[in-house]
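What follows is a guided reading of one protein model, intended for someone who is meeting it for the first time. Please keep the structure in view while reading, and locate each named residue as it comes up.

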Amino acid sequence: MYYDEFLASESARVEYWDFKLETWEVYRQARPNAAHESIAALERAGKVTAVVTQNIDGLHRRAGTSPDLLVELHGTDLLVECQSCHATSDPEPHLARFRETRQPPNCTCGGLLKPATISFGQSLRRTDLERATAAAARADLVLALGSTLSVYPAASIPLLAAGRGTPYIIVNRGETEHDGHPAVTLRLEGDVTAIVPPAVEAALA
């Protein structure tokens, strides 16, 4: 659904919240995998500048990645955000109320509430892009994990770091749009949950 439709039409908002209600149980029960846990372990060891993700599942949060280091470029389904005052809150009570009333929820300020994900036609948050760009300027190693690197501007972030000579490693099962790029230092083919954990364990040993 396009963002403008959500803002303009109550029936569109009902449809949107219906979809989120259907998928919430999946998101609520989802748990981090071994790669998420390994990234959190690197952070605890003081070796992470930032974790920049396009995923909206909130699994990096659940694995223990600090909100100060986490940049969720496409938002998260683990929060609801007011489109007017931008306050955030837990989705559970809003979904429960919608289930009972069939009325799209509003904020106490009167603004429209929406899961804190980026919809089609909705701009990425400028502060998130700035944080990701700043991290790329500081990093001494950049990893792209489990991504086809086909969605921009997110896919441009590792290239910003690699463009100044920072080593750039890609781990993915299947082709990526950065395969063969001269800035890529190492390309590993395979499942991140099989490759990343033993590499991190060896690095921290």
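In this predicted model, the largest nonpolar core has 16 residues, and those touching the most other members are Leu73, Ala132, Ala144, Leu149, Tyr168 and Ile170. At least two residues of this core come from each of α6 (126–138), β6, α7 (156–162) and β7, and α7 gives the most, with three residues. A second core, separate from this one, consists of 14 residues, among them Leu21, Leu78, Val80 and Cys107.

Leucine 73 deserves a closer look. When its neighbours within four places in sequence are left aside, leucine 73 is in contact with Val52, Thr53, Ile118, Leu124, Asp128, Leu129, Ala132 and Ala154.

**The parallel sheet**

Strands β6, β7 and β8 form an open sheet of three strands, in the order β6-β7-β8, with parallel pairing. Its edge strands are β6 (142–145) and β8 (186–189), each of which pairs on one side only, and from one strand to the next the twist averages 10°. Between β6 and β7 (residues 168–172), the parallel pairing extends over four bridges, and within this part of the model leucine 143 stands opposite isoleucine 169 of β7.

**An antiparallel pair and a buried strand**

Strand β3 (residues 75–82) and strand β5 run antiparallel and are joined by four bridges. Valine 80 has proline 115 in β5 as its bridge partner, and valine 80 is also included in the second core described above. Is strand β5 enclosed or open to the outside? Five of the five residues of β5 (residues 113–117) are buried, so this strand is largely enclosed by the rest of the structure.

Threonine 117 lies in β5. Apart from neighbours within four places in sequence, threonine 117 is in contact with Tyr16, Lys20, Ile56, His74, Gly75, Thr76, Asp77 and Gln122.

**Two individual buried residues**

The table sets threonine 117 beside isoleucine 39, whose place is in helix α3 (residues 34–44).

| Residue | Relative accessibility | Class |
|---|---|---|
| Threonine 117 | 5% | buried |
| Isoleucine 39 | 14% | buried |

Because buried means under 20% relative accessible area, the value of 14% places isoleucine 39 in that class. Isoleucine 39 and alanine 63 are separated by 24 residues in sequence, while their C-alpha atoms are 8.4 Å apart in space. Beyond its neighbours within four places in sequence, isoleucine 39 is in contact with Val48, Val51, His60, Thr65 and Leu145.

**A pair of packed helices**

Two packed helices are described by the angle between their axes and the distance between the axes. Helix α2 (residues 10–29) packs against helix α5 (residues 91–101) at an angle of about 130°, and the axes of the two helices are 10 Å apart. The two helices are therefore oblique to each other, and the crossing in which α2 passes α5 is left-handed.

Which residues meet where these helices pack? On the side of α2 they are Val14, Trp17, Asp18, Lys20, Leu21, Trp24 and Arg28, and on the side of α5 they are Pro91, Glu92, His94, Leu95, Phe98 and Arg99. Two of these α2 residues have been named earlier in this account: Leu21 is included in the second core, and Lys20 is in contact with threonine 117.

Notes:
Residues numbered from 1 in each chain as written. Predicted model: local features only at pLDDT ≥ 70, side-chain atom pairs only at ≥ 80, totals over all residues. Heavy atoms only, no water. Pairing = 2+ DSSP bridges. Axes fitted to C-alpha atoms, helices over the stretch in contact; angles between N-to-C directions. Core = buried A, V, L, I, M, F, W, Y, C linked by side-chain atoms within 4.5 Å. Buried < 20%, exposed > 50% of the residue type's maximum accessible area, 1.4 Å probe, protein only. Contact = heavy atoms within 4.5 Å. Parallel < 35°, antiparallel > 145°, perpendicular 65-115°, else oblique. Left-handed = near helix turned anticlockwise from the far one by under 90°.
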